[in-house]
Amino acid sequence: MKPFEWTRRSLFAAVAGVALAAGLGAPALAQTPPGVLVVGQIAEPKSLDPAAVTAVNDFRILVNLYEGLLRYQPGTLEVGPGLAESWDVSEDGTVYTFHLRDGVMFHDGTPFNAEAVKFNFDRMLNEDHPYHNTGPFPLAFYFSSIASTEVVDDLTVQITLNAPYAPFLSNLAYPTGLMVSPSAVMEHGADFGRNPAGTGPFKFAEWRSNEAVVIEKNPDYWGDPAGTDAVVFRPITDANTRVAEMLAGGIDLMVEVPPTALSEFQGESFSVVEQAGPHLWFLILNAKEGPFADKLVRQAANYAINKDAIVNDVLEGTAEVAAGPTPPAFTWAYDESLAPYPYDPDKARELIAEAGAEGAELTFYVTEGGSGMLDPIPMGTAIQADLNAVGFDVKIETYEWNTFLGEVNPGLEGKADMAEMAWMTNDPDTLPFLALRTAAWPDQGGFNSGYYSNPEVDALLEAAQTATDLDERAALYKEMQQIVHDDAPWVFVANWKQNAVTSDKVENLTLEPSFLLYLEDVVKN
Amino acid sequence: MGAYILKRLISAVPVLLGITIIVFLIMAMIPGDPATAILGSYATPENVEKLNRDLGLDQPLINRYFIWLGNMLTGDFGRSYSLNRPVLDEILDRFNATLILAGVSFVMCSVLGILAGVVSATRQYGFADKAITFIVLIGISVPSFFLGMMMILLFAVNLRLLPVSGMYAIYGGGDLPDLARHLIMPATALAVVATGVIARLSRSAMLEVLRQDYIRTARAKGVDERRVIMGHALRAAMVSIIPVLGIQAGFVLSGSVYIEIVFQWPGVGRMLVDAILKRDIILVQGGVVFVAGAYVFFNIVVDVAQSLLDPRIKT
């Protein structure tokens, strides 16, 4: 009879425990208040100074506090007016004149004007500027083409570039170009990042370290007022805990839902939003030495890998199969006629046989995880299996992210035949310019770690960077994509769709292809 | 006693100095540097060099070590790259949270562990002893992060009795009951393994003492059984239980790392993990030195407590 007695006893203990917990817990579990949107972020922000940060996680807060001269038009990656209502570009593409919006105030009550614009760029770029020491400004090179910024009058500012640089406008719309209040920087110095002041629809309220950043509706905003009274950004680094908070109602909006957790949010009380962005997940192939020096073998790798399976099974549909080096999110620059390499192991075997590379041993660098890398280990092993199936002998070497970058960025020569990589960019120029040109080989300071070299591609990219006409640029990028697709310096694998889950109390959330999270229109009931 | 404490404190100095050297060298040797971590995809050699210069990381290693050590002696732990705030402010904020979690957890595991050990020992091979031994075995065997996740799933997601994570409610919180609600799950998850270890050791320590002649004498004199156990036996057993408590205090402190991650507790363990991944060298160094200092301090406290209980240990 002993076991039965024990069960009853344990049952009693359990009931007592639950009752105790209920007594303590019940009053706490009020839902998040109406008008207040609680967002589950993936990490604590580094700073709320847009010039000092690099992470998408931090940008999600910043774009609601600040505005830039330009801004990506809703649903696109094309730039439109922001704090600048209009702009003119000189014939030669080196002088940009911006006409600023009138009557805009920073949250600290000082006016936004041409002086403020000059202050922002000088602070970042000019090492002698009295507030340059409020940095470092890691992404200042986005504006390294700026030679000078001149105040023409209170609402007109003229920026002169040292050479024509087509991506300049889209860089202005990037969060690094968000405008900060000069007087707030002067007041707080290096602590400006914790006392931010911009012009956006929300103003900073409170930063409780490791708990929350709170921003409130800006009553003096020049545009339409924000749809919520306040937004709370909570850093929840552990993905499982973030999912649990979402399920338990502790947060209203969750970003970067792990693919495997998406099925948890199928019900009525949640909605999932998705948006493909300017992201590319690819394999760098070492075109300098080994089997991938042969174009046929590189193409064979593209045929051998089952990208549909990776996207649908490993990533559970949170990405799309990539066709070439330019993500489709850059609608104006993307070549629609490009089709992904089909999954065709027989064709791969033929090409390998033709190149005489049967049974080649390949060293494959895989990372444990990192910015934009999605699920790199399962993806890496799926790729290994596909390549082994067509007769290669692939050996994986796995590295922690920082170590991985330290191995891959200096080039794969003498170390590996292939490596995983992912990029998120704001302009179609960035990735190919930094990672596909001959002048971007690692020894010249670029990211062309696989040593791809094609003079035609080099010429097209140089021309596209100095062309000021959008159609002309588009034509050049499209031609580049055709060549690169055929040369196959990379295996083009996936374009990530960012996702977010909201509770049924949240309305009007849309995700942008820029991956920025604009919350001014969102309503929380 | 004063001299003994002073001696122990002085002997801690070389230990701490050794820790500064080790943590500094490890951080200097691990692959990847802060500039690469900050710049991510944009880490061109040129950008990395400029950022390292801005961060003061272009100086020779030996200079960096002495600058760091010198600043630390004046109370300046430096400024974190990843959080853009003074390292000491961050550590003190975080250490506070860790102390609350580890402290509550430590009290839980000490009281429950000793109690379970005493009950077990006094009813050796009886039903209570067997039941406790069985539960203790399970407690020691279940990894605490797993236990933590299961607790979240049951009490927070399904039953909605307790908050999932964090230290205070975002709205309308901040008082003691709010803190207690947030503490229940992480403190319990953290305490389970240590409770098991303490219970096992308390049981064997008690069993050994209970076999001693003076216990038999006390009982023969007709001393109340409760006094025999609590007054005579437990007091003697404490001499061997206290060092275990000291070790478990360290365990609870270090075990809080993964509990802090699972429950998003804003403590120093989670801070260190984040800092390591971001290569925030200065924050890791400061954090490790601080935690190591606390560890050394607790050890001294345990030794002193032990010498108070058992005069033979003195000198």
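Chain B of this predicted model contains 12 helices and 0 strands. Read along the sequence, its pattern is therefore written with helix symbols throughout, α-α-α-α-α-α-α-α-α-α-α-α. The C-alpha trace of chain B extends over about 85 × 55 × 35 Å along its principal axes. Of the 315 residues in chain B, 41% are buried. Among contacts in chain B with a separation of 6 or more, 71% join residues 24 or more positions apart.

**Annotated spans**

An unreviewed UniProt entry assigns the annotation "transmembrane region" to residues 12–30, 95–119, 131–159, 179–201, 236–261 and 281–302 of chain B. For chain A, UniProt (unreviewed entry) places the feature "domain: Solute-binding protein family" at residues 78–436. The table gives end-to-end C-alpha distances and secondary-structure content for this domain and for two of the spans in chain B.

| Span | End C-alpha distance | Helix | Strand |
|---|---|---|---|
| Residues 78–436 of chain A | 23 Å | 26% helix | 25% strand |
| Residues 131–159 of chain B | 28 Å | 90% helix | 0% strand |
| Residues 179–201 of chain B | 32 Å | 100% helix | 0% strand |

**Helix 7 and helix 8 of chain B**

Helix 7 of chain B covers residues 144–158 and helix 8 of chain B covers residues 176–210. The two helices pack with their axes 9 Å apart and at an angle of about 145°. The crossing of helix 7 of chain B past helix 8 of chain B is right-handed. On the helix 7 side, the residues that meet helix 8 of chain B are S144(B), L147(B), G148(B), M151(B), I152(B) and F155(B). Their counterparts in helix 8 of chain B are M185(B), P186(B), A189(B), L190(B), V192(B) and V193(B). This contact is made up of 10 nonpolar and 2 polar residues, with no charged residues.

**Contact between the chains**

Across the interface, 51 residues of chain B are in contact with 47 residues of chain A. Helix 7 and helix 8 are among the elements of chain B that give two or more residues to its side of this contact. The others are helix 2 (34–39), helix 3 (45–54), helix 6 (127–141) and helix 10 (225–262) of chain B. Sorted by class, the side of chain B that touches chain A has 31 nonpolar, 11 polar and 9 charged residues.

**A sheet in chain A**

Chain A has an open sheet of 4 strands in the order 4-5-7-6, with antiparallel pairing. Strand 4 (84–89) and strand 6 (146–153) of chain A are the edge strands, each pairing on one side only. On average, and with direction ignored, neighbouring strands of the sheet are turned by 20° against each other.

At one edge, strand 4 of chain A pairs with strand 5 (residues 95–100) of chain A in the antiparallel sense over 5 bridges. Within this pairing, S86(A) stands opposite H99(A) in strand 5 of chain A. Helix 3 (residues 114–125) of chain A packs on the sheet and touches strand 5, strand 6 and strand 7 (156–161) of chain A. The direction of helix 3 of chain A makes about 165° with that of strand 6 of chain A.

At the other edge, strand 6 and strand 7 of chain A pair in the antiparallel sense over 6 bridges. Between these strands, which form a hairpin, there are 2 residues. V151(A) stands opposite V157(A) in strand 7 of chain A.

How values were computed:
Residues numbered from 1 in each chain as written. Chains lettered and ligands numbered in written order. Predicted model: local features only at pLDDT ≥ 70, side-chain atom pairs only at ≥ 80, totals over all residues. UniProt positions renumbered as here; feature names shortened; annotations may be inferred. Contact = placed C-beta atoms within 7 Å. Nonpolar A, V, L, I, M, F, W, Y, C, P; charged D, E, K, R; others polar. Axes fitted to C-alpha atoms, helices over the stretch in contact; angles between N-to-C directions. Left-handed = near helix turned anticlockwise from the far one by under 90°. Pairing = 2+ DSSP bridges. Buried ≥ 20, exposed ≤ 12 C-beta atoms within 10 Å, placed from the backbone.
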